[in-house]
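Work through the exercises below with the sequence and the structure at hand. Each task is followed by a solution in steps.

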Amino acid sequence: MASPLIREWTGIQQFPPATQTTLIELLAQLKEKDVSELTILVMGKGGVGKSSTVNSIIGERAVTVSAFQSENPRPVMVSRLRSGFTFNIIDTPGLVEGGYVNDQALEMIKRFLLNKTIDVLLYVDRLDAYRVDNLDRQIVNAITDSFGKDIWRRGIVVLTHAQLSPPDGLGYDEFFSRRSEALLKVVGLGAKIKKIQDAIPVVLVENSGRCTKNDSDEKILPNGVAWIPNVVKTITEVVSNGSKSIFVDKKLIDGPNPNEKGKWFIPLIAAFQYFFIVGHYQNLIKKDIAAEKESSKS
Ligand code: GDP
Ligand code: MG
């Protein structure tokens, strides 16, 4: 596969100085831990703000954002270099079509990721959605079945449209915690992680150009958090949480569900049943028939 064009990360200069300083500090921390390349995979339903989030984090219009579904969506990897540090972020097409997980899109994403290492998974949805349903469950399961449940150890739930005014007099923090709780419950089930609240961080994002800013000109959420440095900080924390990155090899793509590796013995049990149990009964039946013949002779 042709290696992607790696450009200097000029987008960082678009950020206000306060954000730039924090980002450069975070990258320096990673380099201290001998991390010099980071690949982030962005997944989720269509229209939730995946591409917008990629652009916001890079500080450039690197990928196409569309209010409506684009025609031939494919995964895209954006790579940027900054003082010896390579930052890759992979935008993917939405995983849902007509109420189901789009297996073709998933297959295409898997092939695109062949021989790549995923350091972090950003699972994107909207903050201003009020329910979690079977479709969310299906998407989480599809990701787990494709890459193995350990990918969630490198997962971050990202909620866009975070500059929302909660309905029904709910406080912002209360709305946020209820929404993330509901979504994390589904992720926990699909990822087979018990104490999900402690395992997967949830971050808020506001991609709109009308996002409020603080005195340092940084984009902030209604709770005052400067969200771009916060997202990058959370990414660095997840990378340092002791879990492993996911290398996508051919076995992972073509092989059986990576969560069922231990189930190779099932066919052996079936063979055992066939030869010993079925064989045993066949012998009994043969004996019966022979006995029947004997008795009919007499
Ligand atoms: P994707 O299909 O998940 O890649 O979603 P896009 O990034 O293409 O965004 C879909 C639409 O939602 C576009 O019209 C974006 O401008 C809009 N959008 C994305 N993120 C946000 C956000 O955080 N706030 C607001 N207000 N709009 C957003
Ligand atoms: Mg998109």
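**Exercise 1. Two residues in α7**

Task: In this predicted model, find where K233 and E237 lie and state how far apart they are along the helix.

Solution. Step 1: K233 and E237 both belong to helix α7, residues 227-239. Step 2: The two are four residues apart, about one turn of the helix. Step 3: An α-helix has 3.6 residues a turn, so residues three or four places apart point the same way. Step 4: The side chains of K233 and E237 form a salt bridge, with N to O at 3.4 Å. Step 5: Buried means under 20% relative accessible area and exposed means over 50%. K233, at 40%, is therefore partly exposed, and E237, at 44%, is partly exposed as well. Step 6: Elsewhere, salt bridges with shared partners link E107, K110, R111, K250 and D254 into one network.

**Exercise 2. A pair in α3**

Task: For the salt bridge of K110 with E107, give the distance between the closest N and O atoms, and decide whether K110 is buried or exposed.

Solution. Step 1: The closest N and O atoms of K110 and E107 are 3.7 Å apart. Step 2: The cut-off for a salt bridge is 4 Å, so this pair qualifies. Step 3: Both residues lie in helix α3 (residues 103-112), and because they are three residues apart, about one helical turn separates them. Step 4: K110 has a relative accessible area of 10% and is buried. Step 5: E107, at 32%, counts as partly exposed.

**Exercise 3. A salt bridge across the sequence**

Task: State how many salt bridges a search of the whole structure finds, then describe the one between D136 and K45.

Solution. Step 1: The search finds 13 salt bridges. Step 2: In one of them, the side chains of D136 and K45 meet at 2.8 Å, N to O. Step 3: D136 is in helix α4, while K45 is in the loop between β2 (37-44) and α2 (50-58), so the pair ties together parts 91 residues apart in sequence. Step 4: D136 and K45 are both buried.

**Exercise 4. The length and ends of α4**

Task: Check the span of helix α4 against the value expected at 1.5 Å a residue.

Solution. Step 1: α4 runs over residues 134-147, which is 14 residues. Step 2: The expected span is 20 Å, and the end C-alpha atoms are 20 Å apart, so the two agree. Step 3: At the start of α4, a side-chain oxygen of D133 comes to within 3.0 Å of the backbone nitrogen of L135. Step 4: Just after the helix, G148 has a positive phi of about 90 degrees. Step 5: The buried residues of α4 include L135, I139, V140 and F147.

**Exercise 5. Around ligand 1**

Task: Which residues come nearest to ligand 1, and how much of its accessible area does the protein cover?

Solution. Step 1: Of the 17 residues around ligand 1, the nearest are G47, K50, S51, S52 and E206. Step 2: A nitrogen atom of the ligand is 2.7 Å from an N or O atom in the side chain of E206. Step 3: An oxygen atom of ligand 1 lies 2.8 Å from a polar backbone atom of N207. Step 4: The protein covers 77% of the 580 Å² of accessible area that ligand 1 has on its own.

How values were computed: Residues numbered from 1 in each chain as written. Chains lettered and ligands numbered in written order. Predicted model: local features only at pLDDT ≥ 70, side-chain atom pairs only at ≥ 80, totals over all residues. Heavy atoms only, no water. Expected span 1.5 Å × (residues − 1). Buried < 20%, exposed > 50% of the residue type's maximum accessible area, 1.4 Å probe, protein only. Polar contact = N/O pair within 3.5 Å; in protein donor to acceptor, adjacent residues only side chain to side chain. Near = heavy atom within 4 Å. Areas by Shrake-Rupley, 256 points an atom, 1.4 Å probe, with all protein chains shown as cover.
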